[in-house]
Number of protein chains: 2
Amino acid sequence: MNSGILKPASSPSSKTETSGSRDVLTRLRTDIVSSVFEPETRLKFADMTKRYDVGIGTLREALSQLSSEGFVTVEAGKGFKVSPVSAEELIEITDHFITFEKRAVREAIAHGGEDWETNIVAVHHRLSLIEGLPWERRMERHSEWVERHREFHEAIIAACPGRWLFRLRSIMFDQLDRYRFVTKRAPEGLGGRKLEEHREIMTATLARDADLACALIEQHIRDTSERAIKLL
Amino acid sequence: MNSGILKPASSPSSKTETSGSRDVLTRLRTDIVSSVFEPETRLKFADMTKRYDVGIGTLREALSQLSSEGFVTVEAGKGFKVSPVSAEELIEITDHFITFEKRAVREAIAHGGEDWETNIVAVHHRLSLIEGLPWERRMERHSEWVERHREFHEAIIAACPGRWLFRLRSIMFDQLDRYRFVTKRAPEGLGGRKLEEHREIMTATLARDADLACALIEQHIRDTSERAIKLL
DNA sequence: ACTCTTTCTTTTTTCGAAAATCTGTCTATC
DNA sequence: GATAGACAGATTTTCGAAAAAAGAAAGAGT
């Protein structure tokens with residue numbers, strides 16, 4: 001089957017066209033985050049190499065990487081499978097992420113300069129361009145939203161000098177993305193609210209009000225996670 | 001990371017290399033931790049495949065894994081090199097580790113059962129067998145000490161139910177190991193002191209005195225890290 | 001009916017050749 | 001002398017074939 005010469009990649013959602021050039025690690029992670037592969041699914045080399053059009057070795061390296069990020073689990077001799085999800089894990093991840101993020105925000109506010117501020121304004125604008133859209137159009141560009149949402153939160157803490165703090169936070173953020181996905185098709189509700197929240201977070205941060213920024217971020221994250229828990 | 005597979009532990013062969021019984025990932029990590037390769041050293045495939053007697057693909061996977069653990073850094077097209085070390089990073093790692101460890105200890109004390117207690121006593125005994133030795137003999141069995149030391153601290157927090165907390169802690173612990181190595185050849189000093197400290201930590205933990213255990217552990221880690229900072 | 005082999009199939013894991021990329025050196029040109 | 005281009009050697013990255021391991025199915029013995 002799939003007699004096409006290149007790129008079968010018949011993902012059900014063929015809206016975002018960029019996937020062809022991105023590397024297999026990113027594509028595979030995206031597919032796991034967006035539940036193209038359900039939890040516990042075995043990721044067989046034969047299928048995967050065809051789907052992503054890469055060699056076995058390259059694929060194995062990507063899977064190995066994803067296993068250390070926690071997205072897939074590996075059992076020696078039995079191959080790789082998509083890591084399971086659970087409400088308990090989401091609670092724990094949320095908890096860790098909030099702890100990291102609050103700490104990082106304080107550091108960033110303490111150390112950030114003009115470039116940091118400017119970048120926050122810039123990426124927030126990019127994000128608001130999508131969040132300001134009506135519901136259907138937002139859904140169409142969901143994967144873009146995911147990316148810009150990540151960019152925004154990363155920009156906020158970019159001035160944090162602790163590299164490990166940044167790194168640990170990012171691991172948790174990526175994990176949250178996976179759970180965040182389940183709220184994608186949730187009823188409209190907080191769509192416009194998010195636009196508000198992000199603007200408030202930006203304002204507090206640029207005003208160097210660390211306490212307020214932390215409180216807003218904590219609420220922002222907890223809201224999303226709690227919605228996800230209900231849908232799990 | 002190091003899943004519960006029992007390792008060969010002892011060094012069977014006279015020379016450092018030969019006998020590729022342990023897998024290349026473990027051996028390479030050990031070599032980096034014990035400064036066989038200095039920081040910033042480029043890890044060329046040609047040399048490495050000969051040294052560890054594995055194929056290019058296998059080696060690449062190991063290096064890739066180590067890069068996500070933070071031991072090596074990778075630049076696309078320019079290969080892998082041993083990550084740099086710095087006093088600043090040690091301070092940050094120490095800080096994160098202590099935060100994780102204290103939290104994990106409290107959880108473990110709250111949740112641990114009889115098996116947990118028993119295992120702590122057992123691995124502490126194994127550790128004390130080395131720490132009770134005179135200085136020269138301790139040095140001879142340093143790599144065994146590293147392993148048993150890890151086992152001991154892992155046993156203390158084994159009952160902690162948070163899997164991500166455990167995981168994040170372990171990443172930091174592995175990083176600390178690398179810095180801990182520089183204190184290996186430090187003047188005798190705290191050799192006997194450590195034996196004391198570990199016994200105190202065990203006693204406090206088994207007595208379910210979380211506050212005391214946390215305080216002891218924090219002191220224990222900070223002492224070691226501060227000694228390392230001076231030697232950096 | 002059950003279990004222990006044996007054999008065959010599927011899947012993972014390893015390996016080294018070949019392609020792509022980078023680095024440094026030499027030469028032509030201004 | 002400085003700059004750009006091109007060549008050669010070294011190094012990384014990719015790929016798929018082949019070996020090793022796991023799983024499934026069939027057969028023999030109890």
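## How chains A and B meet

Colleague: How many residue pairs are in polar contact between chain A and chain B?

Modeller: Quick background: this is a predicted model, where local features need pLDDT of at least 70 and side-chain atom pairs count only at pLDDT 80 or more, while totals for chains, interfaces and linings use all residues. Residues are numbered from 1 along each chain as its sequence is written, chains are lettered from A and ligands numbered from 1 in the order in which they are written, and side-chain values use heavy atoms, leaving out hydrogens and water. A polar contact is a pair of N or O atoms within 3.5 Å; within protein, one must be able to donate a hydrogen and the other to accept it, and residues adjacent in sequence count only if both atoms are side-chain atoms. With both residues at pLDDT 80 or more, the count between chain A and chain B is 17.

Colleague: Which elements give two or more residues to the side of chain A that touches chain B?

Modeller: Helices here are DSSP runs of H or I, at least four residues, numbered from the N terminus. The elements of chain A that pass this bar are α3 (56-69), α4 (87-111) and α8 (163-180).

Colleague: What relates the two copies?

Modeller: Superpose them by least squares on the C-alpha atoms of residues with pLDDT of at least 70 in both. Chain A then lands on chain B with an RMSD of 0.1 Å, after a turn of 180° and a shift of 0.0 Å along the axis. The copies are thus related as by a two-fold rotation axis.

Colleague: Which residue of chain A comes closest to the rotation axis?

Modeller: Here's a hint: its side chain meets that of Arg60(B) in a salt bridge (2.8 Å, N to O), meaning a side-chain nitrogen of Lys or Arg within 4 Å of a carboxyl oxygen of Asp or Glu. At 2.7 Å (C-alpha) from the axis, the residue is Glu61(A).

Colleague: How many salt bridges are there between chain A and chain B?

Modeller: The whole model, over all chains, comes to 42 by this rule. Between chain A and chain B, the count is four.

Colleague: Is Arg169(B) buried or exposed?

Modeller: Arg169(B) lies in helix α8 (residues 163-180) of chain B. Beyond four places in sequence, its contacts (heavy atoms within 4.5 Å) include Phe97(B), Glu101(B) and His153(B). Buried means under 20% relative accessible area, exposed over 50%, partly exposed in between (1.4 Å probe, protein chains only). At a relative accessible area of 0%, Arg169(B) is buried.
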